[in-house]
Structure formats: C-alpha cells, structure tokens
Amino acid sequence: MEILHVSAECYPMAKVGGLADVVGSLPKYQNKLGHIAKVVMPMHRTSFLHANEWEVVHKGAFIMGNIPLNFTIIKEKRNQLGFDLYCVDIYGWLDREKVYGYDDDGERYLAFQIAVAEWMVKWNHRPDVINVHDYHAGLIPFMFRHSYAYKNLSNIRTVLTIHNAQYQGWMDWEKSGYIPDWDVWKWGMLDWNGQINPLASAVRCADKVNTVSEGYMKELMNAANGLEKLFEYEKGKCSGILNGIDYSVWDPEKDSFILDNFSTKDADHGKARNKKKLCDEFGLDVQLPLFIFIGRLVAEKAADLLPEAINAAFEQSEEKFNFIVLGNGDPVVEHSLEQIHKTWFGYYHSQIQYNEKLSHQMYAGADFLLMPSRVEPCGLNQLYALRYGTMPVVRRTGGLADTVIDIGDDNGYGICFNNANIQDIVSSIKRAVYLYNHSNTLSKLRLHMMKINNSWEKSAQVYIDLYNSIYK
Ligand code: GLC
C-alpha cells in the first residue's frame, strides 16, 4: 500500500511539538511493515534543509483567489530518514524560519495544501491513502471530494489524524474564494458556526478520523473546543490509535545525545552517572530527587501553573528536591520560571529554549518527569521518560491516563493525579519525594518502566488496518 502523510512538521526537518516526532517515525515503521510511506510538508528554512541535499521533482503553478503562485516540490536525496521526504516550496510563503506564528498562516497553509493537490493530480505514483495531520492539512479531504480540478483524486482514501483539536484553523468566509473552485452546494462541509473550519471540514470529509489515544477520542465528545457535537455525530468513523515512539532514536543504550549509555542491565548505575553530569552542569545536589518538566510553555500543558506550583512545593515539602525546566513559549511564564532561580538557587534551574539534545540528557538523568497537562491527546514525553527509567508524574487526562498506571494500583509504575491545580501538583511531588527517600521499590519500578513496549511496531499496523477498512 502507498501512503502519503501530509503535515506541517516532521522531525528532524522541523519540530515544534510531538506532531513532528510522530510524522518523523510512523512512516518509517509503516515501511518496515512492507508498505511505501512518504511525507510531504512545507519547506521551512531549517538547519536540516541546509544540511542536506535535495532534488527538484516537480514544478507547478496555480492561482489562489487572484494571487498567482509558483511552487516547487523537492525531495531529500539520500533517504536518510527511512522514508521519502518531500517539501513544498512557495517562494516568500513557506520558506520561513518558524513553522507557525505568522499573521498569514491561514493563507500559507492553504497554499501548501493546494500545491500538494496540484502535484498529486500530475503525479504518476498516486498513493492509495492520504493521511492528513491536524488542521494544517485539513482542507485536503474537502478539496479531493468537492473541488472540480481534483475530481480524479476523489478515489484516494483519506484519513485525518488529530494530534490536537484545540487548534482548528478558523478562517473568515471571505477567504472561501481561495479554495480551488468547488461545488457551492457543499458549503456546509466547510462551515462550523459561521466560519470556515478546516479541522471540522476534515472530520466531515475524511473517510476515517483518528486521535492519538483512545482516551482523547472519548474526551472530544465532551470537550473539543466547540466541536463536541460534530465528534458525537461522526463517532462511527472515529477511533483512537495510541502513538508509539521511535526506538531507534529513543534508546538509552545507543543514544548519542546522552553522556553515558545504559540499559536495563545497569539502569541504576547508568542513570546515576547521567544524573551526576546533569546536576554538576546546573549546580544541583545529586543526592536529592530530581524532577524535570520538558515541553512548550503553554496553557494546554498547564505550564502557567508551574511557577506557583514549584514554589509551593519547595516551600511545603519537608524534604528537599531539585527541579529543572526546559522549554519555551508564553513570555509571562518564561519570565516567572526564571524568577524562581533567585529564591531557590542550588535547587532549581530553567533553560528557556527548545533543545533536543538536552532533553535526552534530562530523560536519562532525572528521577521524575512532571506532566500536569490540561489537555494531552497522547503525550510522548511520558513514553520517552519510561524508556529512560524516569518515573512519570502525570495528570489523568487523554493519553497520559491511557499510558501511566499509578503505583497504588496493580502493576503501577507512575504517579497520577486528577486535577490541573497547584494542590494536586504539590501533593504529587511530595508523594514522589517520599517514594525516593523512603521506599526501596524505585529501582524495581525503573526496570518495569524500561521494559514496557511503547514502540511504533504495534500501532503502525493499526494504522494500516484502519486504511484497509476503507473501501472506495
Ligand atoms: C500533540 C499533542 C500531544 C501528542 C502529539 C503527537 O503535540 O499535544 O499530546 O502526543 O501531538 O501526537
């Protein structure tokens, strides 16, 4: 089967969040199963773009509304990622440094999708399935069905994978003329509450829809940033498929980013060595339990609660601990997190940046990973932590609830709490500190965590089964 993934991000070409990790690994595992999976994304100006060789595979042009645009499709030459990676270049529109955050993101991503469709109608290798990811690729199922120019693509199966339903790509109806001529009777397939809603449109028009965990799919029926009724109505074609992680990238035995490799055979020592290096680097006492937070500093991840929660935990806990934060995002949160340094010097460190290498070193050296997320469609960080023997301390939501079992329950290996609030975070930190200081089960739990299989191998096949369940 030939599958084309369409996404705004793909690791290592461009990463903002977990979407990139999924799109950068799922196709590799689908190829291992004997299929042909490829990825197409915008040509962001990233270091990966500059460091690699590319060949031009297609050139075309289209008119968006009344704006004439030329586009070029380039392909990474050496197949370094384990799948063919294609990028769409539209001069001045897509070739920018950031993935998102421009005022014209709506137009940029629409132009990207039209270029993909234009390329597709001319391409000899027509895929059997197009798997679109999130709203940035959400108008493709509509265009394949209802734009006259793409009528002969309507027999390609389409699947929408939702990594985050908070962002939907809302556009004013004024912009409807940008979408290549379409059957106006079908306007209802674009509209949600008086706006063009690309995510809602994809839920309606795709043959199948999946979220990245089963728990999150259920939550969307009650909380989907305005789309609850739609998910309830379309539930017959919706399912949840838990993300896997790329075991060739996330492997403490071979990881070249970490300072000292280790495996289940020497987990305690291996982690201790990594912890020592990390603590030395940031001036922290290696004897104390070490907590980390890694991620975007945004409200969905409850990052706004971190400054107050960390402060309160330091104040209220009778036993001492260390905390390192890595991430960037909301400037107000960034600032407050930096302020904690002054009060808790020697126990706390923050790195306000995105840093892939440091994140690996932190998973390897830490004892606990905190994830108090308000919304977590799957969450990959808790899976990385488990693989590196770091205990996840998570709020029971979405994929976190599906992948972490509390130590109080049968076969448990993590710490879970119910609410994204200061009190729950503080008491969970205290629970973890107590476990570290007064229990001898931590190293046994560590082995348990490291042995859990969260690789893509299982889920990659479930995606194939989903594609196969569509008949055209
Ligand atoms: C988004 C979600 C996260 C998920 C990731 C990959 O970043 O917020 O929960 O793990 O996508 O699917």
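# Briefing: cavities, pocket and helix packing

The lining of the second largest cavity comprises five nonpolar, two polar and two charged residues. That cavity belongs to a predicted model, in which two cavities of 30 Å³ or more are counted. An open pocket of about 1,200 Å³ is the largest of its kind here. The points below also cover three helix pairs and two backbone features.

**Second largest cavity**

- The volume of the second largest cavity is about 40 Å³.
- Its lining consists of Pro141, Phe144, Arg145, Leu153, Ser154, Ile156, Thr158, Cys205 and Lys472.
- Helix α5, spanning residues 140-146, is the main contributor to this lining, supplying three residues.

**Largest cavity**

- The largest cavity encloses a volume of about 60 Å³.
- The residues that line this cavity are Gly106, Tyr109, Leu110, Gln113, Tyr135, His136, Leu139, Gly169, Met171 and Pro198.
- Four of these residues come from helix α4 (residues 105-122), which provides the largest share of the lining.
- By class, the lining of the largest cavity has six nonpolar and four polar residues, with no charged residue.

**Largest pocket**

- The lining of the largest pocket is made up of 49 residues, and those nearest the pocket centre are Val16, Gly17, Gly18, Arg296 and Lys301.
- Five elements each contribute at least two lining residues: the helices α1 (18-23), α12 (356-365) and α13 (381-387), together with the strands β12 (290-294) and β15 (368-371).
- The greatest contribution to the pocket lining is that of α1, with four residues.
- The pocket lining divides into 21 nonpolar, 17 polar and 11 charged residues.

**Packing of α10 with α11**

- Helix α10 (residues 306-316) and helix α11 (residues 331-343) have axes that come within 9 Å and cross at roughly 20°.
- Angles under 35 degrees count as roughly parallel, and α10 is therefore roughly parallel to α11.
- The two helices, α10 and α11, cross in a left-handed sense.
- On the α10 side the contact involves Leu306, Pro307, Ile310 and Asn311, while α11 contributes Val333, Ser336, Leu337 and Ile340.
- The contact of α10 with α11 contains six nonpolar and two polar residues, and no charged residues.

**Packing of α10 with α15**

- Helix α10 also packs with helix α15 (residues 422-438), the axes coming within 9 Å and crossing at roughly 45°.
- At that angle the relation falls outside the parallel, antiparallel and perpendicular ranges, so α10 and α15 are oblique to each other.
- The crossing of α10 with α15 is right-handed.
- In this contact, Glu308, Ala309, Ala312, Ala313 and Gln316 of α10 meet Ile422, Ile425, Val426, Ile429 and Lys430 of α15.
- Sorted by class, the contact of α10 with α15 comprises seven nonpolar residues, one polar residue and two charged residues.

**Packing of α9 with α16**

- The axes of helix α9 (residues 267-282) and helix α16 (residues 442-451) lie 10 Å apart, and the helices pack at an angle of about 95°.
- Angles of 65 to 115 degrees count as roughly perpendicular, which means that α9 is roughly perpendicular to α16.
- Ala267, Asp268 and Lys271 of α9 are in contact with Ser443, Arg446, Leu447 and Met450 of α16.
- The contact of α9 with α16 divides into three nonpolar residues, one polar residue and three charged residues.

**Backbone features**

- The peptide bond joining Tyr11 and Pro12 is cis, with omega of about 5°.
- Pro12 is located in the loop that runs between strand β1 (2-6) and helix α1, and α1 is the helix that gives the most to the lining of the largest pocket.
- Asn79 is not a glycine, yet its phi is positive, at about 50°.
- The loop between β4 (67-76) and β5 (84-89) contains Asn79.

Note on methods
Residues numbered from 1 in each chain as written. Predicted model: local features only at pLDDT ≥ 70, side-chain atom pairs only at ≥ 80, totals over all residues. Heavy atoms only, no water. 1 Å grid on protein atoms, 1.4 Å probe; cavity = no way out; pocket = protein on both sides within 12 Å on 5 of 7 lines; lining within 4 Å. Points joined across faces, edges and corners; volume = space filled by probe spheres on them. Nonpolar A, V, L, I, M, F, W, Y, C, P; charged D, E, K, R; others polar. Axes fitted to C-alpha atoms, helices over the stretch in contact; angles between N-to-C directions. Parallel < 35°, antiparallel > 145°, perpendicular 65-115°, else oblique. Left-handed = near helix turned anticlockwise from the far one by under 90°. Contact = heavy atoms within 4.5 Å.
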